[in-house]
Amino acid sequence: MSKIFEYTNDISLSRSARIRRSISNSGYARQERGSPTFYSMQVNLPLLTKTKYDEVEAELLGLEDGIDFKTTSIPSIINLTFANGSITAQSGSTITVVNANTSGVDVQLANVDNSSNVKAGDFIQFSSSTKVYQIKADATASTNIISFKLMTGAINPIVAGNTFTYGNGVQFKMMLNGRPNVSVVPGPGFNYYAYGTFNFQEIL
C-alpha cells in the first residue's frame with residue numbers, strides 16, 4: 001500500500017460525472033449524464049515523524065514528471081463503505097455473475113447464501129475493469145440469487161466469468177494531482193512534518 005494511504009487518518013470521498021446540456025428547437029432544456037461517475041479522494045496525514053516523512057518523501061520523489069498512478073485499498077481504520085452488507089456463497093457452490101444488463105446498472109449474482117445482502121453505498125469491483133462501483137440500493141438474496149443496481153453504468157461489460165471484490169477490499173486506481181506543500185513543526189528535541197492535502201482522482 002502507498003505510504004500516503006497507510007498513514008492517513010482522514011479521507012474524504014466525492015463523486016463526479018460530466019453532464020451534457022442541450023436545448024431543443026422548441027426551447028426545452030435537457031441534461032443527461034455524459035460520462036460514468038468517477039471518484040476523487042482528499043487525503044490528509046497527521047503530523048509525521050522524520051522516519052515516516054522520509055518514507056512519504058521517497059514515494060513522492062519516485063513520481064515521474066510529478067505524475068503517478070496508484071492502486072490502493074482504503075486503510076482498515078477508514079470506513080467509507082457505510083452500512084456493510086455481506087455476500088457469502090451457497091454451501092458447496094461458487095458465486096457466479098449470471099447477468100448484467102447492457103448498461104451494467106443491474107447486476108445479478110448466483111449461488112449465494114440466502115442470508116446475503118448488500119447495502120446502499122457499499123463498494124464492489126469486477127474483474128473486467130479497474131473501476132470501483134457503489135451499490136445504489138439495499139438488496140437481499142432470494143432463491144440463492146441476489147440482484148442489485150449500481151450507481152453508474154459499467155465501464156466494461158460485467159459478464160459470466162467475472163470475479164468480484166466487495167467492501168473495503170476494492171482497489172482504487174488513482175492519480176495524484178500535484179504535490180502538496182510540507183512544513184516543519186518544531187517539537188521537543190525533534191521535528192514533525194505536516195503535509196497539505198493530497199488530491200487523488202480515479203482513473204482507468
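## Overall make-up

The secondary structure of this protein consists of two helices and 17 strands. The model is predicted. Its mean pLDDT is 83, and 80% of the residues reach 70 or more. Confidence varies between elements. Strand β3, residues 29-33, has the lowest mean pLDDT, at 57. Strand β16 has the highest, at 96.

The protein has 204 residues, of which 37% count as buried. About 10,900 Å² is exposed, and carbon and sulfur atoms supply 50% of that area. Consider the contacts with a sequence separation of 6 or more: 69% of them are between residues 24 or more positions apart.

## Nonpolar cores

The largest nonpolar core has 24 residues. M41, V56, F172, F198 and F200 have the most contacts inside it. Six elements each supply at least two of its residues: α1 (3-7), β4 (38-44), α2 (50-61), β14 (172-176), β16 (191-195) and β17 (198-202). Another core, of 18 residues, lies apart from this one. I87, I95, V97 and A141 are among its members.

M41 shows how the parts of the largest core meet. Neighbours within four places in sequence are left aside here. M41 is then in contact with F5, I11, S12, L13 and I74. Its other contacts are F172, M174, F198, N199 and F200.

## Salt bridges

The structure holds five salt bridges. Side chains of opposite charge can pair when their charged atoms come close. Three of the pairs are described here.

K3 and E6 form a salt bridge through their side chains, at 3.2 Å from N to O. Both residues belong to helix α1; because they are three residues apart, about one helical turn separates them. K3 counts as partly exposed, at 25% relative accessibility. E6 is also partly exposed, at 37%. In helix α2, K50 and D54 are four residues apart, about one turn of the helix. Their side chains meet in a salt bridge of 2.9 Å, N to O. K50 has a relative accessible area of 41%, so it is partly exposed. D54 is partly exposed too, at 35%.

The side chains of D106 and K149 form a salt bridge at 2.6 Å, N to O. This pair links distant parts of the chain, 43 residues apart. D106 sits in strand β7 (residues 106-110), and K149 in strand β12 (residues 145-149). D106 is partly exposed, with a relative accessible area of 28%. K149 is partly exposed as well, at 40%.

## Two buried serines

S2 lies in the segment before α1. Its relative accessible area is 10%, so S2 is buried. The side chains of S2 and E59 are joined by a polar contact of 2.6 Å.

S116 is found in the loop between β7 and β8 (117-118). S116 is buried, with a relative accessible area of 0%. Its side chain reaches the backbone nitrogen of T88 at 3.0 Å. Not counting residues up to four places away in sequence, S116 touches S86, I87, T88, T140, A141 and I146. I87 and A141 also belong to the core of 18 residues.

## A buried glutamate in β17

E202 is found in strand β17. At 3% relative accessibility, E202 counts as buried. What does its side chain reach in polar contacts? One partner is the side chain of K131, in a polar contact of 3.1 Å. Another is the backbone nitrogen of V132, which lies 3.3 Å from a polar atom of the E202 side chain.

E202 and V132 are 70 residues apart along the chain, yet their C-alpha atoms are separated by 8.9 Å. Residues up to four places away in sequence are not counted in the contacts of E202. E202 touches T37, F38 and Y39, along with K131 and V132. K173 and M174 are also among its contacts. M174 is in contact with M41 too.

Technical notes
Residues are numbered from 1 along each chain as its sequence is written. Side-chain values use heavy atoms; hydrogens and water are left out. A nonpolar core is a set of buried Ala, Val, Leu, Ile, Met, Phe, Trp, Tyr and Cys residues joined through side-chain atoms within 4.5 Å. Buried means under 20% relative accessible area, exposed over 50%, partly exposed in between (1.4 Å probe, protein chains only). Contact means heavy atoms within 4.5 Å. A polar contact is a pair of N or O atoms within 3.5 Å; within protein, one must be able to donate a hydrogen and the other to accept it, and residues adjacent in sequence count only if both atoms are side-chain atoms. A salt bridge is a side-chain nitrogen of Lys or Arg within 4 Å of a carboxyl oxygen of Asp or Glu. pLDDT is the predictor's confidence in each residue, from 0 to 100. Accessible areas come from the Shrake-Rupley method with a 1.4 Å probe; for residues, only the protein chains shown count as cover.
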